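Could you walk me through this protein in my viewer, one selection at a time? I am new to this, so please tell me what to click and what to look for.

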Amino acid sequence: MTVASLIAVPPFVVAGPAQQSSSAGEATVEFSVVVPFHNPGATLRRAVERVAETLYAQNISFEMIAVPGGSRDGSLRTLEGLPWLRVIADPELQDKGAALQSGIAAAGGAWVGCIDVDADTETEIDPHELIECLHRARENAAVAA
């Protein structure tokens with residue numbers, strides 16, 4: 001699967017570093033949520049807050065990683081004050097694909113998911129759809145084992 005196809009069909013969930021290695025005990029959190037973005041505007045903060053609230057409510061241990069890819073609309077500043085959010089602000093990342101790759105590389109969860117906050121500013125992100133992807137990934141891994 002290419003990065004371009006991942007960007008086109010979020011949310012998605014794939015095995016993280018602990019699932020891919022021989023020792024499954026390496027992950028400190030179950031789920032890493034990567035949020036690559038390019039000029040999402042005011043919707044960014046609310047989207048990441050809704051996902052975090054839903055993950056907390058489902059009792060899923062998680063980390064959230066936001067990565068701007070050449071974003072210049074000031075949306076990065078809207079994320080200030082969210083202690084559970086890690087931001088990777090590298091000026092070398094000039095597009096959303098590079099931001100996605102950087103976020104996935106930094107993820108430490110057993111599972112890594114992505115949401116697309118830039119996809120449609122008219123529609124809010126549905127955190128339950130992301131969690132459903134996580135459940136399906138878990139089930140598929142259990143069947144394959």
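## A tour that starts at a bridge

Select Ala15 and Trp111: Trp111, in S5, is the bridge partner of Ala15. Keep in mind as you look around that this is a predicted model.

Now widen the selection to both strands, S1 and strand S5 (residues 111–114). They run antiparallel and are joined by 4 bridges.

**The sheet**

Next, show the strands as a cartoon. You should find an open sheet of 5 strands with mixed pairing, and its order is S1-S5-S2-S3-S4. Which strands are at the edges? They are strand S1 (12–15) and strand S4 (85–87), each of which pairs on one side only. Turn the sheet in your viewer to see its twist, which averages 25° from one strand to the next.

**The helix across the sheet**

Select residues 127–144 to bring up helix H5, which lies across S1, strand S2 (31–37) and S5. Helix H5 runs at about 145° to S5. Counting along H5 gives 18 residues, and the distance from its first C-alpha to its last is 26 Å, close to the 26 Å expected at 1.5 Å a residue.

Which residues of H5 are buried? Colour Pro127, Leu130, Ile131, Cys133, Leu134 and Ala137 to see them. These buried residues are on the same side of H5, because they cover an arc of only 150° around the axis. A general rule helps here: an α-helix has 3.6 residues a turn, so residues three or four places apart point the same way.

What do the buried residues of H5 pack against? Their packing partners are S1, S2, helix H3 (43–57) and S5. Now give another colour to Asn140, Ala142 and Val143, which are exposed on the other side of H5.

Before leaving this helix, zoom in on its start. There, a side-chain oxygen of Asp126 comes to within 3.0 Å of the backbone nitrogen of His128.

**A buried serine**

Jump to Ser32, a residue of strand S2. Is Ser32 buried or exposed? Its relative accessibility is 0%, so Ser32 counts as buried.

Show the side chain of Ser32 and follow two short distances. One is a polar contact with the side chain of Glu63, at 2.5 Å. The other, at 2.7 Å, runs from the side chain of Ser32 to the backbone nitrogen of Gly109. Setting aside neighbours within four places in sequence, the residues in contact with Ser32 include Ala107, Gly108, Trp111, Val112 and Gly113.

**Two asparagines in loops**

Select Asn39, in the loop between S2 and H3. Although Asn39 is not a glycine, its phi is positive, at about 55°. With 36% relative accessibility, Asn39 counts as partly exposed.

Then move to Asn59, in the loop between H3 and strand S3 (62–68). Asn59 also has a positive phi, near 60°, in a residue other than glycine. Asn59 counts as exposed because its relative accessibility is 71%.

**Last stop: another serine**

Finish at Ser102, which sits in helix H4 (residues 96–106). Beyond residues up to four places away in sequence, Ser102 touches Val67, Ile88 and Leu93. To end the tour, draw a line from the C-alpha of Ser102 to the C-alpha of Asp90: these residues are 12 residues apart in sequence and 9.2 Å apart in space.

Conventions
Residues numbered from 1 in each chain as written. Predicted model: local features only at pLDDT ≥ 70, side-chain atom pairs only at ≥ 80, totals over all residues. Heavy atoms only, no water. Contact = heavy atoms within 4.5 Å. Pairing = 2+ DSSP bridges. Axes fitted to C-alpha atoms, helices over the stretch in contact; angles between N-to-C directions. Expected span 1.5 Å × (residues − 1). Buried < 20%, exposed > 50% of the residue type's maximum accessible area, 1.4 Å probe, protein only. Arc of directions from axis to C-beta. Polar contact = N/O pair within 3.5 Å; in protein donor to acceptor, adjacent residues only side chain to side chain.
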